[in-house]
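Visitor: I'd like to know what the labels on this model rest on. Can we take them one at a time?

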Amino acid sequence: MSQAPAAKKLLILGAGVGGLSVIKEIAEFDSAAAILDKIDITIVDEDFSHFLGFTLPWVMRGWRAPDSVPIRPTEAALNRVNRVTGRVSSIDPQRQQVTLDDDTTLEFDALILATGARNAVDRVPGLADAVAKGVAVHYYDHDAAAEAHRALSGFTGGRLMFLVTSPVYRCPVAPYEGAMLAADLLEATGARAATEITAYTPEVQPMPSAGPYAGVELVEFLRQRGISFHAEHQVVAVDAARRVVTFDNGAEAGFDLLMFIPPHRPAVTIGDEDWISVDTATMATRHPGIYAIGDTTTVTTPWGRSLPKAAAFARNGAVSAARSALHYLGIVDRTEELSGQGYCYLDTGAGASSRGAGDFFAEPPEIHLSSPTAELNRQKSDEEHQWRALWETERPVLR
Ligand SMILES: Cc1cc2nc3c(=O)[nH]c(=O)nc-3n(C[C@H](O)[C@H](O)[C@H](O)COP(=O)(O)OP(=O)(O)OC[C@H]3O[C@@H](n4cnc5c(N)ncnc54)[C@H](O)[C@@H]3O)c2cc1C
């Protein structure tokens with residue numbers, strides 16, 4: 001009697017937006033039950049706690065407590081998935097093996113890397129010192145966002161500078177959303193009239209990947225709120241004692257409180273690669289059987305811009321990589337290319353949000369920002385509720 005072939009091992013690294021979306025995508029296959037008989041799925045995460053990025057500016061604004069941000073998938077939601085808590089330290093593409101910090105090794109037949117990006121504050125000279133001295137804050141993790149809220153709440157007036165430290169960062173609207181929400185908070189505390197708010201970035205305009213229009217519209221939103229915008233300023237150093245930022249064009253600008261978007265680095269990489277290049281037809285890396293999605297990847301759009309590090313593209317990557325990995329394992333018969341359709345909501349203050357949506361792979365993208373409304377703000381909140389309901393539940397995603 002012939003034996004059933006051994007189940008293939010699909011390993012997913014990272015249980016954030018991208019990694020969990022791979023599981024959601026497999027659950028949505030018509031043939032999900034038959035697929036699950038043929039694969040053994042393992043997901044690894046250092047703490048099984050992730051977040052939807054847009055909740056962090058809400059912590060900075062004071063609308064959310066930092067401990068309300070983490071999303072922790074339940075055991076039940078991850079039914080039929082082996083769950084390994086551990087920190088990935090290296091990936092060996094030749095041996096098809098992943099090593100964790102505690103020296104555990106995990107074998108795979110196909111791997112999807114979805115470990116995202118990390119803040120790298122030390123990459124700008126003087127920035128860590130400015131944080132230590134309490135003159136610089138950011139909102140790119142929940143504790144930092146709570147610290148930013150404390151700093152802004154106690155700010156009585158002066159120069160508030162928003163600084164994008166590098167063109168590679170998560171969520172192209174987050175710096176400007178942060179500036180508008182800070183203005184909103186200072187209105188509430190009564191310090192707005194005594195505060196000059198500026199935004200500096202190395203980019204030519206905000207949201208450069210969204211095409212020629214959205215960034216110009218965003219600058220107009222800033223102008224309407226009295227926030228001055230300075231493009232093509234790449235920081236080279238921060239001097240905490242003098243409270244001055246120096247840029248690569250020789251200019252200097254002073255601040256009383258610096259709100260910065262940290263430099264980023266990939267959380268995990270393969271060999272000496274930095275951000276991981278993928279083939280957008282399949283999300284394949286240059287290593288057979290290894291796929292990468294979300295913030296850890298670098299994708300250049302047909303229009304020659306970097307695809308944003310945003311949740312929509314982590315989810316689109318998951319759709320493509322789930323199918324491609326199963327195709328590689330001989331389980332499904334076709335692959336699916338990465339979709340360029342994306343959107344984002346932009347909080348503009350006073351409980352309203354704008355929205356921009358479209359095809360980021362168009363040449364050029366024709367994305368516009370809508371007028372801010374309370375209804376769009378509600379849709380943004382609903383998105384979090386729906387994602388939480390899927391993972392913080394007793395209902396299995398895979399059955
Ligand atoms: C302030 C801010 C605002 C944002 N606003 C928006 C927005 O409005 N709209 C939008 O679309 N996007 C926004 N984003 C971006 C969005 O959050 C990311 O693009 C999205 O989460 C990327 O998904 P991912 O799966 O690649 O990474 P993540 O969701 O970050 O998941 C990575 C997972 O990998 C795990 N991990 C990392 N390293 C290791 C390791 N060594 N070992 C084991 N596990 C590891 C982590 O614990 C985490 O669970 C924002 C981000 C920030 C920071």
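Guide: Let's start with the naming: helices (H or I, at least four residues) and strands (E, at least two) are DSSP runs, numbered from the N terminus. Ala151, for instance, sits in helix H5. Residue numbers start from 1 along each chain as its sequence is written, side-chain values use heavy atoms with hydrogens and water left out, and the model is a predicted one. In it, local features need pLDDT of at least 70 and side-chain atom pairs count only at pLDDT 80 or more, while totals for chains, interfaces and linings use all residues.

Visitor: Which residues does Ala151 contact, leaving aside its neighbours within four places in sequence?

Guide: Val137 and Leu257. Contact here means heavy atoms within 4.5 Å. As for Tyr200, it lies 49 residues from Ala151 in sequence and 20 Å away in space, C-alpha to C-alpha.

Visitor: What makes H5 oblique to H6?

Guide: The axes of H5 (residues 142-153) and H6 (residues 174-189) come within 10 Å and cross at roughly 45°. Such axes are lines fitted to C-alpha atoms, for helices over the stretch in contact, and angles run from 0 to 180 degrees between N-to-C directions. Under 35 degrees counts as roughly parallel, over 145 as roughly antiparallel, 65 to 115 as roughly perpendicular and the rest as oblique. The roughly 45° fits none of the named ranges, so H5 is oblique to H6.

Visitor: Which hand does the crossing of H5 and H6 have, and which residues meet there?

Guide: It's right-handed: that's the word if the near helix is turned clockwise from the far one by less than a right angle, and left-handed if anticlockwise. His149, Leu152 and Ser153 of H5 meet Ala182, Leu185, Leu186 and Thr189 of H6. By class, the contact has 4 nonpolar, 3 polar and no charged residues. Nonpolar covers Ala, Val, Leu, Ile, Met, Phe, Trp, Tyr, Cys and Pro, charged covers Asp, Glu, Lys and Arg, and the others, Gly among them, are polar.

Visitor: Why are H1 and H8 called oblique?

Guide: Helix H1 (residues 17-27) and helix H8 (residues 311-328) pack at about 50°, with axes 8 Å apart, and that angle makes them oblique to each other. H1 passes H8 in a right-handed crossing. Among the H1 residues involved are Val17, Gly18 and Glu25, and those they meet in H8 include Ala314, Arg315 and Leu326. By class, that contact has 9 nonpolar, 2 polar and 2 charged residues.

Visitor: On to the sheets. How do you know that S4 and S5 pair?

Guide: Two strands pair if DSSP finds at least two bridges between them. S4 (residues 88-92) and S5 (residues 97-100) have 4 bridges, in the antiparallel sense, so they meet the cut-off. One bridge partner set is Val88 with Leu100 in S5. The two strands form a hairpin with 4 residues between them, and Gln96 in the turn has a positive phi of about 50°.

Visitor: What makes S4 and S6 edge strands?

Guide: The open sheet of 3 strands has the order S4-S5-S6, with antiparallel pairing. S4 and S6 (105-107) each have a single partner strand, so one side of each has no neighbour in the sheet. The twist averages 20° from one strand to the next. S5 and S6 are joined by 3 bridges, with Val98 partnered by Leu106 in S6.

Visitor: And which strands stand at the edges of the 5-strand sheet?

Guide: That open sheet runs S3-S2-S1-S7-S19 with parallel pairing. S3 (82-85) and S19 are the edges, each with a single partner strand, so one side of each is left without a neighbour in the sheet. Its twist averages 20° from one strand to the next. S1 (residues 8-13) and S2 (residues 39-45) pair in the parallel sense over 6 bridges, and Lys8 has Ile39 as its bridge partner in S2. H8 packs on this sheet, touching S1, S2, S7 (110-113) and S19, and its direction makes about 165° with that of S7.

Visitor: What is notable about the peptide bond from Glu363 to Pro364?

Guide: It is cis, with omega near 0°. Pro364 is in the loop between S22 (352-359) and H9 (374-391).
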